[in-house]
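Please open the model in your viewer and keep the sequence panel beside it. The tour below moves from one selection to the next and says what is there at each stop.

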Amino acid sequence: MVISTDSDDGDDGTTWRTIPVSDNNLGQASDQAGGQAGGRAGGPRLSPNLRGIPLYKPGKPAKGEDGRPAYKLSSNENPYPPLPGVVEAAVAAAGDLNRYPDLGCTALTAELAARFGVPETHIATGTGSVGVAQSLIQATAGPGDEVVYAWRSFEAYPIIVQISGATSVQVPLTADGRHDLDAMLAAITERTRLVFVCNPNNPTGTVVHRAELERFLDAVPADVLVVLDEAYNEFVRDAEVPNGVELYRDRSNVCVLRTFSKAYGLAGLRVGFAIAHEPVAEALRKTAVPFGVSQLAQDAAVASLRAETALLERVAALVEERTRVVAALVAQGWTPNETQANFVWLPLGERTADFAAACAAAGVVVRPFPGDGARVTIGETEGNDLFLEAAARFRKES
């Protein structure tokens, strides 16, 4: 018996390698495989790109002691339940869990295109904005290529870049925790394939303003993709912060990332999207995990988009609470960054771990970045109050 083919090239441009297999060497291959499995230690060879890769660290769950309440302010989750109509849409979709979801996210894509006034072909969905970001890396960069981003910024960036085999180029933030766009522009080389601009920045909450961002975009080479990561866009109240969708319209190398995990409160369903010109959006659809966005997530996202009035009310309430928390911290003597997200950032340096421990003892879990600072989500009023009490005690005792 011989298994073979006469061609090494597919009609679509793909290539493959074929091996003639006879009855004799089928038996030899089986013997070799059995011998390797049973007698050779070490296991399968994994990608060298995984060596030394940083693991993503999720926010720890809140655990109250002695029956005391505890609050998780470590993951930038929305403290409100799903928007009106969302649970009902998800429950209805759950009746068809034996079926695959709509591969093309057709209804959600149409809803998003109408909402933002863009062609449906410019929309690409994925498992949260981080899933779409990973697809962007896969579509643009590999070994020998570079991806530029500010640091500290979203902690998934170095992970997804390293998985692809590309090289991260981390450009330090300014002293006040903002993107240094001039330094980022200087870091772009012939090897650069993609640049992330996280606006507002996670975890510092700082923003890039319209004039500086437009200058930056106009100076970036046209063959370098600039990704405006706007996961926290709905919380922005600074009029000088641009809407990335407006910047993408006449710039073919600009892509905008958005998510339903934050303002819309669908963190547990994992759905995000990109708005980009067709070549980039098409590449995202090619690299996306098939059926990655469940039907529950798709239908819940559509229902969320249709509950805009309730969304705006909740976001306004969170922004008001953010203002209260920041003012209280300033009154205590802290100097938090000016934040435009649903969290505050305290640049604690070497005191970060001690501060996080003090908050945990008070029943509040925050997100420490050892050596840099602590990020604290704006959550339930009761949790925010516990955090403020813990912050006041820590400042007096340290």
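What follows is a walk through a predicted model, beginning with the whole chain and then turning to single places.

**The whole chain**

Select the protein chain first and colour it by secondary structure, which comes to 13 helices and 12 strands. Colouring by accessibility instead will show that buried residues make up 47% of the 398 residues in the chain. Among the contacts with a separation of 6 or more, 71% are between residues 24 or more positions apart.

**An open sheet**

Next, select residues 343-346, which form strand 9, and residues 367-369, which form strand 11; add residues 373-377, which form strand 12. These belong to an open sheet of three strands, arranged in the order 9-12-11 with antiparallel pairing. Strand 9 and strand 11 stand at the edges with a single partner strand each, so that one side of each has no neighbour in the sheet. From one strand to the next, the twist averages 20°. If you look more closely at strand 11 and strand 12, you will find that they pair in the antiparallel sense over three bridges, and that F369 has G373 in strand 12 as its bridge partner.

**Rings and charges on the sheet**

Stay here and show the side chains of W345 and F369, one of the places where aromatic rings come together; the structure holds 14 aromatic pairs. The ring centres of W345 and F369 are 5.8 Å apart and their planes stand at 55°, so this pair is tilted. The pair links distant parts of the chain, since W345 is in strand 9 and F369 is in strand 11, 24 residues apart. W345 and F369 are both buried.

Which residue lies over the face of F369? Add R367 to the selection, and you will see that R367 lies there, at 4.4 Å from the ring centre. Then add F343 and R375: the charged end of R375 sits over the ring of F343, at 5.9 Å from its centre.

**The loop before strand 9**

Select T339, which is placed in the loop between helix 11 (308-332) and strand 9. With a relative accessible area of 6%, T339 counts as buried, because that value is under 20%. A polar atom of the T339 side chain lies 3.1 Å from the backbone nitrogen of A341, and the T339 side chain also reaches the backbone oxygen of F343 at 2.7 Å. Not counting residues up to four places away in sequence, T339 touches G205, R322, V326 and V344.

**Other aromatic groups**

Now move to F260 and Y264, whose ring centres are 4.9 Å apart with planes at 55°, so this pair too is tilted. F260 and Y264 are both buried. After that, select Y149, W151, F154, Y157 and F196 together, which ring pairs link into a cluster.

**Two cis peptide bonds**

Most residues other than glycine have a negative phi, and most peptide bonds are trans. The next stops depart from that pattern, beginning with the peptide bond from W151 to R152, which is cis with omega near 15°. R152 is found in the loop between strand 3 (146-151) and helix 5 (156-164). Then go to N202 and P203, joined by a cis peptide bond with omega of about 25°; P203 is found in the loop between strand 5 (192-198) and helix 7 (210-219).

**Positive phi values**

Select N76, which has a positive phi of about 60° although it is not a glycine. N76 lies in the loop between strand 1 (71-72) and helix 2 (86-94). Is N76 buried or exposed? At 0% relative accessibility, N76 counts as buried.

Follow the chain to C105, in the loop between helix 2 and helix 3. C105 is another residue other than glycine with a positive phi, here near 45°, and at 2% relative accessibility C105 counts as buried.

**Last stop: A113**

Finish with A113, which has its place in helix 3 (residues 106-116). A113 is buried, with a relative accessible area of 7%. Leaving aside neighbours within four places in sequence, A113 is in contact with V118, P119, E120 and I123. To end the tour, draw a distance from the C-alpha of A113 to that of I275: these residues are 162 residues apart in sequence and 8.9 Å apart in space.

Terms used:
Residues are numbered from 1 along each chain as its sequence is written. This is a predicted model: local features need pLDDT of at least 70, side-chain atom pairs count only at pLDDT 80 or more; totals for chains, interfaces and linings use all residues. Side-chain values use heavy atoms; hydrogens and water are left out. Helices (H or I, at least four residues) and strands (E, at least two) are DSSP runs, numbered from the N terminus. Buried means under 20% relative accessible area, exposed over 50%, partly exposed in between (1.4 Å probe, protein chains only). Contact means heavy atoms within 4.5 Å. Two strands pair if DSSP finds at least two bridges between them. Axes are lines fitted to C-alpha atoms, for helices over the stretch in contact, and angles run from 0 to 180 degrees between N-to-C directions. Rings of Phe, Tyr and Trp (its six-membered ring) pair if their centres lie within 6.5 Å; planes under 30 degrees apart count as stacked, over 60 as edge-to-face and the rest as tilted. A charge sits over a ring if NZ of Lys or CZ of Arg is within 6 Å of the ring centre and within 35 degrees of the ring normal. A polar contact is a pair of N or O atoms within 3.5 Å; within protein, one must be able to donate a hydrogen and the other to accept it, and residues adjacent in sequence count only if both atoms are side-chain atoms.
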